[in-house]
Amino acid sequence: MRYHDITKNDMKNGDGLRVVLWVSGCGHHCPGCQNPLTWDPDIGLEFDEAAYQEIAMQLQEDYVSGLTLSGGDPLFPGNRDSVEDLIKRVKKEFPDKTVWMYTGYDWDVVKGLSLLSSIDILVDGRYMEEQRDTNLPWRGSKNQRVIDVKRSLESGEVVLHCD
Ligand code: SF4
């Protein structure tokens, strides 16, 4: 897996202050996408141990609430194995931190993936310009949902973290 950036003290991509990994690779190509440079899975830096340690250094801080994966799409097929390894390692080494993920896939398409059990919140769905709303917390268009993954998997229905 390749990535574009690791940003710190982010307040716009999940609860609290977060470290955000911006991965390469997205096949959705939504009109109006803010990050079209991230569509190509072959550009950016290789996600290696040094990159993991950069994230881990942040997660060691009490004021950091957790890790957010965005992009690109962390669930781009070529990213899934690496992402699963990463979030399982984060959950093992930092069990008190939350993991948020942004994906262009709808919940129903990805809810069966094993890696979902290591995610706390999934923001699902493509960005749709005609449903753009800059007042929504954590997302850019009204079709996207901020999903509580654990409660949704337990109940078999989508449970929202917030409206
Ligand atoms: S899913 Fe996200 S990164 Fe991918 S094209 Fe849509 S808005 Fe851009």
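Colleague: What makes a residue count as being around the ligand, and which residues are they?
Modeller: A residue counts if one of its heavy atoms lies within 4 Å of the molecule. In this predicted model, the residues that qualify are Cys26, His28, His29, Cys30, Cys33, Trp39, Gly72, Gly104 and Tyr127.

Colleague: How do you know whether that shell is nonpolar, polar or charged?
Modeller: Cys, Trp and Tyr count as nonpolar, while Gly is among the polar ones. The shell therefore divides into five nonpolar, four polar and no charged residues.

Colleague: Why do you say the ligand sits in a pocket?
Modeller: A molecule sits in a pocket if more than half of its atoms lie within 2 Å of the grid points. The ligand is placed that way in the largest pocket.

Colleague: What is notable about the peptide bond between Gly71 and Gly72?
Modeller: The bond is cis, with omega at about 15 degrees. Gly72, one of the residues around the ligand, belongs to the loop between E4 and helix H2 (80-93).

Colleague: Why are E1 and E3 called paired strands?
Modeller: Pairing needs at least two bridges. Two bridges join strand E1 (residues 2-10) to E3, so the antiparallel strands pair. Arg2, for example, has Glu46 in E3 as its bridge partner.

Colleague: What makes E3 an edge strand?
Modeller: Strand E3 (45-46) pairs on one side only, as does strand E8 (160-162). They belong to an open sheet of eight strands with mixed pairing, in the order E3-E1-E2-E4-E5-E6-E7-E8.

Colleague: What sets Asn9 in strand E1 apart?
Modeller: Asn9 is not a glycine, yet its phi is positive, about 55 degrees.

Terms used: Residues numbered from 1 in each chain as written. Predicted model: local features only at pLDDT ≥ 70, side-chain atom pairs only at ≥ 80, totals over all residues. Heavy atoms only, no water. 1 Å grid on protein atoms, 1.4 Å probe; cavity = no way out; pocket = protein on both sides within 12 Å on 5 of 7 lines; lining within 4 Å. Helix = DSSP H or I, 4+ residues; strand = E, 2+ residues; numbered from the N terminus.
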